[in-house]
Amino acid sequence: MKLDALETILNEPPCQQLSHPVFEEQGIECWIKRDDLIHPVISGNKWRKLKYILQDVKAKSCKRIVSMGGAYSNHLHALAYVGKELGIRTAAYVRGERPVHLNPTLTDLVRWDMDIIFISRSEYRALRQFKQFDAFPGLCSEDYWLPEGGASPLALQGVQDILQELPFTPDYLIVPAGTGTTAAGLIGASSNQTHVIVIAALKGAEFLREEIYGMLNDPVTHWSLELGYHFGGFAKTKPALDAFIIRFEQAHGIELEPVYSGKMFYALYDLVQSDRFERGARIVALHTGGLQGRRQHNIVNSKN
Ligand SMILES: *Cc1c(COP(=O)(O)O)cnc(C)c1O
């Protein structure tokens with residue numbers, strides 16, 4: 001399949017209003033940009049980040065994309081699938097030892113012919129220093145290196161497309177962060193009328209402040225970082241978060257996962273309840289997708 005053909009089968013995700021008594025009490029509007037609906041596999045910010053990178057891979061006539069990620073990585077999952085669809089070979093360095101039984105994410109990667117190389121945590125950390133597409137040592141001329149989480153200036157450009165699709169200029173945009181690339185894309189492209197609230201999915205994520213500043217062209221300040229909603233750390237959860245996700249799904253009929261979107265919506269409701277927003281404020285929450293990650297968590301699908 002060609003890239004433009006792939007784009008035609010993707011959905012333009014709607015922006016829907018969420019109704020909840022607490023929003024009415026506070027006199028605010030909450031909207032959700034449904035990037036989870038772009039595609040069942042290439043969902044959310046992973047498509048946004050990959051879009052212009054894939055164009056660049058084609059323009060450079062590269063034949064293989066080499067990247068890195070954890071054993072449950074939404075980035076590798078989207079990349080492997082897209083590579084398979086577009087006829088681009090993919091390979092990935094995966095953190096940790098090869099498990100005896102592959103988890104559902106890794107099983108998919110193998111099924112989509114991604115070559116997987118398991119490496120130690122320290123080796124993995126060392127790979128983070130390579131940022132440019134051709135910076136990785138030992139690549140063939142037809143290889144394209146893609147850093148962790150798909151972080152690159154082209155990824156920021158893809159994220160910026162989201163703002164063009166919004167039906168109005170929000171007063172607040174709220175977004176979860178792993179590497180902070182998605183957040184940086186939104187902050188960099190939005191005007192200072194919009195305050196971007198970034199919810200860290202990791203524990204001890206102060207480093208995100210610097211990471212995000214490093215990705216911005218201008219040192220703008222219309223954003224803030226919330227560090228208190230990690231629920232014990234990356235990919236960790238607590239009963240309060242699981243219960244929230246189930247309540248949210250029952251109330252709105254929209255699925256969340258506990259790694260990113262669950263924490264972000266929990267934070268949103270918590271901030272609303274703590275009077276963080278002035279009356280009349282319009283807030284847009286970005287649902288970044290990643291629902292494949294639900295498979296490792298025993299969240300009972302409460303839709304039915
Ligand atoms: C990867 C991912 C994020 C984090 O994106 P960054 O750009 O790395 O901050 C957020 N939500 C979901 C669902 C993801 O898969």
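User: What covers the buried residues of helix α7?

Analyst: Their cover includes β2 (29–34), α3, β7, α8, α9 (207–215) and β10 (282–287), where contact means heavy atoms within 4.5 Å. This is a predicted model in which local features need pLDDT of at least 70 and side-chain atom pairs count only at pLDDT 80 or more, while totals for chains, interfaces and linings use all residues. Residues are numbered from 1 along each chain as its sequence is written, and side-chain values use heavy atoms, leaving out hydrogens and water.

User: What makes α7 a helix, and which of its residues are called buried?

Analyst: A helix is a DSSP run of H or I with at least four residues, a strand a run of E with at least two, numbered from the N terminus; α7 spans residues 153–165. Buried means under 20% relative accessible area (1.4 Å probe, protein chains only), and Ala155, Leu156, Gly158, Val159, Asp161, Ile162 and Leu163 are buried.

User: Why is Asn74 said to make a polar contact with the ligand?

Analyst: A polar contact is a pair of N or O atoms within 3.5 Å. A side-chain N or O atom of Asn74 is 2.7 Å from a ligand oxygen, so the pair qualifies. A polar backbone atom of Gly180 lies 2.8 Å from an oxygen of the ligand.

User: How much of the ligand does the protein cover?

Analyst: The protein covers 97% of the 390 Å² of accessible area that the ligand has on its own, by the Shrake-Rupley method with a 1.4 Å probe.

User: Which element gives the largest share of the shell around the ligand?

Analyst: That is α3, with 3 residues.

Key:
Polar contact = N/O pair within 3.5 Å; in protein donor to acceptor, adjacent residues only side chain to side chain. Buried < 20%, exposed > 50% of the residue type's maximum accessible area, 1.4 Å probe, protein only.
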